[in-house]
Amino acid sequence: MNGISVRYRRWNNITGWSIFVISSIVYLLTLEPTVSFWDCGEFILSAFKLQVGHPPGAPLFLMMNRIATLFAGTDTSKVAVMVNRLTAISSGMAILFLFWTITHLVRKVFIRGTELEEKHIIPIMASGIIGALAYTFSDTFWFSAVEGELYGLSSLITGVVLWAMLKWEDEADKSWSGRWIILIMYIMGLGIGVHRLNLLVLPALVFIYYFKMFEVTTKGLVKAGLVALLLVWLMVYVIMPGIPTAAGWFELLFVNGFGMPFNSGLYIYVILVIAILIFGIRFSQTRRKVILNYIFTSLAVIFIGYSSYAMIMIRSAAKPPMNQNDPSNVFSFIYYINMEQYGTNPKIFGNYYSAPITDVKQVIAGYNQVNGRYEPYYRPEYSYNKQFETLFPRMYSSAEPDHESAYKYWGKITGRKYSVETASGKKSVVCPTFGENLRFFFRYQVGFMYFRYFMWNFAGRQNDIQGNGNPIQGNWISGVNFIDELRLGKLDKAPKDIVDNPGRNTYFFLPLILGLAGMHWHYKKQKNDFWIIMIFFFMTGIAIILFLNQYPNQPRERDYAYAGSFYAFAVWIGMGFMMVYELIKKYMNERVSQIVTFAVLFMAVPFLMGFQNWDDHDRSGRYTARDIGENYLKSVASNAVIFTYGDNDSFPLWYVQDVEGFRTDVRVANLSYIQAGWYIDMMKQKAYESDPLPIKLPSDRYLEGKRNQLPVENRINKAVGIKEIVDFAGIDDKSAQIDVSGRGDYLNYIPSNKLIIDVDTTVVLRNGTVKDYFKDSLIAPLTWTYSETDAFKGDLAIMDMLANNNWKRPIYFSTTVPSSQYKGLEKNFIQEGLAYRVAPVRTGTPQPGEYGMIDPVEMYNNLMNKFTWGNASDPSVYLDENNRRMFSNFRRLFGILGNALLERKDTTKAIEVVKRGLELVPTSKMPHDYFSMEMAEVLIRAGKKEDGMKVLNEVQSYSESYLNYVMDLGPEGRFGLDYPIGINMQTMIDIYRMGMRLNMVEMVKQIEPQLNKYYSSLYSTGN
């Protein structure tokens, strides 16, 4: 190695590690100091005690973070920040390997046919710095780098694999270069235990190998492409699902066939696989079959990496409090790792969303352990009218009513009409054309769900609000107004909170232009390497779109899934330096052109991106997720059960219980999970200080495949005791079942929708279920009128619990649970904070949009004395859309409580409550909207008219800004704006009604013509 190469290596290492330090410091300074919303809480608690989180699991990620949590010592409040720091450092390491990838590829251009020269070192380093720092400050990667998520570690593994293959390329001529291949396979096996996205780099690896080892021909390229696709197919569809599936065959044979104990077949299978691998390696070595040896050794190290999943089965068998899907046996593990609970999307051939079902058959979905054997359970498999099936189906989902309207918008569907036979006779049904199917693919799946995210990162982002296709939420913008307004209309007319949103970041296309310049330079200088990065770019971007086949109106933005694609583009941003540098050095000397090019491009791309993105990526000082999780738990009485529904009203609660040990007497039960037998079993275990839920039907009544649906038949025309109903629904006999199809499909059923719940008045008054001040409203017994025509397994479990609880444990529903899940119990709700208590009281008729009644004493104590808000009032603490949406609802809680206190003639406390609500979040961060109206009314009614009118005028101004903007759009431009239109029209209506109710004549006169104008424009025929 000559002196230049030594100096290059030294500077490459020094600069690379410096970039690692810089990026890590950025992430450590801006990370969230505690748990974040969405999956982070679940990941952190799963890591802290090695529990089993949602499928398909991330065992290596959890084990690495378990080590990180040890650095918290005995202070459990530091556990989350330790996990977040590991994510930040992993993300910094990913930036390091990105830098080394860029410098490796640029260096190859310089040493092609010649030796590296001293003058080449600075441009190579500069390219790496520009590209690596651009990705450091990119929107998507920065977001994931500062929370306890797995995408930072996943990106690191992907980057290491790509870099290692490039290192192999450097040393492919050496006898020991094959060790790099084995190392790469091992890392990829480990990567499966973090996230499967790293497998998508396989095709790029194949082409690195092909370009190095073979002369490039058209035939060779085709073969390499086929090999690449074959390897991805083998990993994704054979090895990953195939290993546990084959174990299932052995388990069935040895347990059901030979009568051996559970797990016998699994153990024999594992021993057999190990024996085959050892034999294959030894055989290939002794016979000197090099390729065969590589295959067996690669499989062996992949399996060793993949073996991190043993942790999932081992920990599941220990029955930890968090044990999703209970993958403690091979069949539940197959269900878990294949993510079967999420269903499947058609990929190559399938139905359109409007396809009539022609047949239903039952297929084996899995196996339950029953009396020493595995008994199958079944799921329905549907067949569809053949006229409504197509190749490459993109518009297939009929799961939600809004999916069809979104398909019609994005696909511009007119379709073809077919007359089809249905249960109610012949019906005309519209079937999309294949062209419309492709239009949806390109407009929504490629354009909206990939290209929009790509442009967020390299052109600019409109705001941090989730987009759905409307012109003011979640779009990409550039800051070049005439271009942005061609797509989105007059942006200066958008509401102020949209224009001033901290998530508004504009880069003026500069990162994009530099990346495109780098693509051009790379293609001209090194075509083979260009195609390697292009394959990586495609596989981690558009290929994911093809595979996921996403339905419209996703519950959250999905840009994190394409971080690998943005990583690849950052390689080209780095190379863009070389193109600009080569142009400038024609007019300046070598050193000056290097300095000028670097200074200009550094300021124009990485610095600009960091400057624009800092305010909405800096989460330092934000404790909202943790505090809100605690507030839910503070809302409930001792030893309570609280039903939640989504991620953000469950994961933070589980985090503060499992990690920080807060309110472990409370059982948090998620209604989305309780439809599964494994979850009901989990609820029947003791967890920390929380006793098992009083669910008395045996576990075999709740097995998978049993009592999934129970029709409510009302065959008994009177109220029936809830215990009798539960016992009847638990009978495994056709005498207690009905044939729902007339073809022998027998189901258990609920014989009456009126369920009597006994009430011991002494007990409910003594334990606080009914407070003394509600004693006159007490009902004994309570008759629950079940409001749906079908009950499901989870509903039966809740009935079971209510039947056997005898009002001993307080039962609550969080205020975030959809009203569709109340099933008639809302008539007996008492709101005590962020939860409704189920109580045997007569609640009267609530206000529209409200449920049950308020307990002003408990709610006052909770809101004023117990709840904390995670620094939301600090002007320097950034609140994203998710936080702002929650805090809008919290503002309303203070208004609701204030009105309840006014009804009790407690004006002083009512004003005190509203003042606290107004201090919750500054209006500079979150203007007053519909959810502040209650507070305004309280102030007006309490004699603080000036203060109340100030708030009310801000609310009205906010709503008018949205409605005026929407009016100017015209009917054709209002797609996706139903919610803003609806909520702001309701605001105007409610202000008008408030004026009428409070005899505010001037306000009524002022707002009435406004209302008429909006109604005429937005709701008249033709609009």
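A helix here is a DSSP run of H or I at least four residues long, and helices are numbered from the N terminus. Keep that in mind as you click around, and remember that this is a predicted model.

**Stop 1: helix α10 and a pocket**

Start by selecting α10, residues 218-257. Which element gives the largest share of the lining of the second largest pocket? It's α10, with eight residues. The pocket has a volume of about 1000 Å³, and 31 residues line it. To find its middle, select I181, Y209, L231, Y294 and I295, which lie nearest the centre. Then add the other helices that give two or more residues to this lining: α7 (151-171), α8 (178-192), α9 (202-213) and α12 (290-306).

**Stop 2: a nonpolar patch on the surface**

Stay with α10, but switch to a surface view. Select L230, W233, Y237, V238, F547 and L548: together they make a nonpolar patch on the surface, with about 540 Å² of accessible area. Two elements give two or more residues to the patch, α10 and α21 (542-548). Four residues, the largest share, come from α10. Zoom in on L230, which sits in that helix. Is L230 buried or partly exposed? Its relative accessibility is 44%, so it counts as partly exposed.

**Stop 3: an open sheet**

Now hide the surface and go to the strands. Six of them form an open sheet in the order β10-β9-β18-β20-β19-β21, and the pairing is mixed. Look at the edges: β10 (667-670) and β21 (853-854) each have a single partner strand, so one side of each is left without a neighbour in the sheet.

For a closer look at one pairing, select β19 (829-831) and β20 (835-838), which run antiparallel and are paired over three bridges. F829 has V838 in β20 as its bridge partner. As a general point, strands of a sheet pair through backbone hydrogen bonds, either parallel or antiparallel.

**Stop 4: salt bridges**

How many salt bridges does the structure hold? There are 38. Begin with K771 and E832, whose closest N and O atoms are 3.8 Å apart. This pair links distant parts of the chain: K771 is in the loop between α28 (761-766) and β16 (782-785), while E832 is in the loop between β19 and β20, 61 residues away. Both K771 and E832 are buried. For a group rather than a pair, select E32, E147, R619, R622 and D880, which salt bridges with shared partners join into one network.

Two more pairs are worth a click. D665 and R663 form a salt bridge with their closest N and O atoms 2.9 Å apart, and D665 is buried, with a relative accessible area of 14%. E485 and K490 also meet in a salt bridge, at 3.6 Å from N to O. With 22% relative accessibility, E485 counts as partly exposed.

**Stop 5: enclosed space**

The structure has six cavities of 30 Å³ or more. The largest cavity holds about 200 Å³ of space. Which residues are closest to its centre? Select P321, W654, R667, V668 and A687, taken from the 17 residues that line the cavity. At least two lining residues come from each of α25 (651-658), β10 and α26 (677-683). You've met β10 already, as an edge strand of the open sheet.

**Stop 6: some backbone details**

Switch to a stick view of the backbone. P55 and P56 are joined by a cis peptide bond, with omega about 0°. P56 is in the loop between α2 (40-48) and α3 (59-69). Another cis peptide bond runs from A780 to P781, with omega near -5°. P781 lies in the loop between α28 and β16, and K771 from the salt bridge stop is in that loop too.

Finish with two asparagines. N371 isn't a glycine, yet its phi is positive, at about 50°. You'll find N371 in the loop between β2 (357-370) and β3 (373-384), where it is exposed, with a relative accessible area of 78%. N639 also has a positive phi, near 65°, and is in the loop between α24 (624-634) and β9 (641-644). At 23% relative accessibility, N639 counts as partly exposed.

Methods:
Residues numbered from 1 in each chain as written. Predicted model: local features only at pLDDT ≥ 70, side-chain atom pairs only at ≥ 80, totals over all residues. Heavy atoms only, no water. Patch = residues over 30% accessible without salt bridge, like charges linked within 9 Å, V, L, I, M, F, W, Y side chains within 5 Å. Areas by Shrake-Rupley, 256 points an atom, 1.4 Å probe, with all protein chains shown as cover. Salt bridge = Lys/Arg side-chain N within 4 Å of Asp/Glu carboxyl O. Buried < 20%, exposed > 50% of the residue type's maximum accessible area, 1.4 Å probe, protein only. Pairing = 2+ DSSP bridges. 1 Å grid on protein atoms, 1.4 Å probe; cavity = no way out; pocket = protein on both sides within 12 Å on 5 of 7 lines; lining within 4 Å. Points joined across faces, edges and corners; volume = space filled by probe spheres on them.
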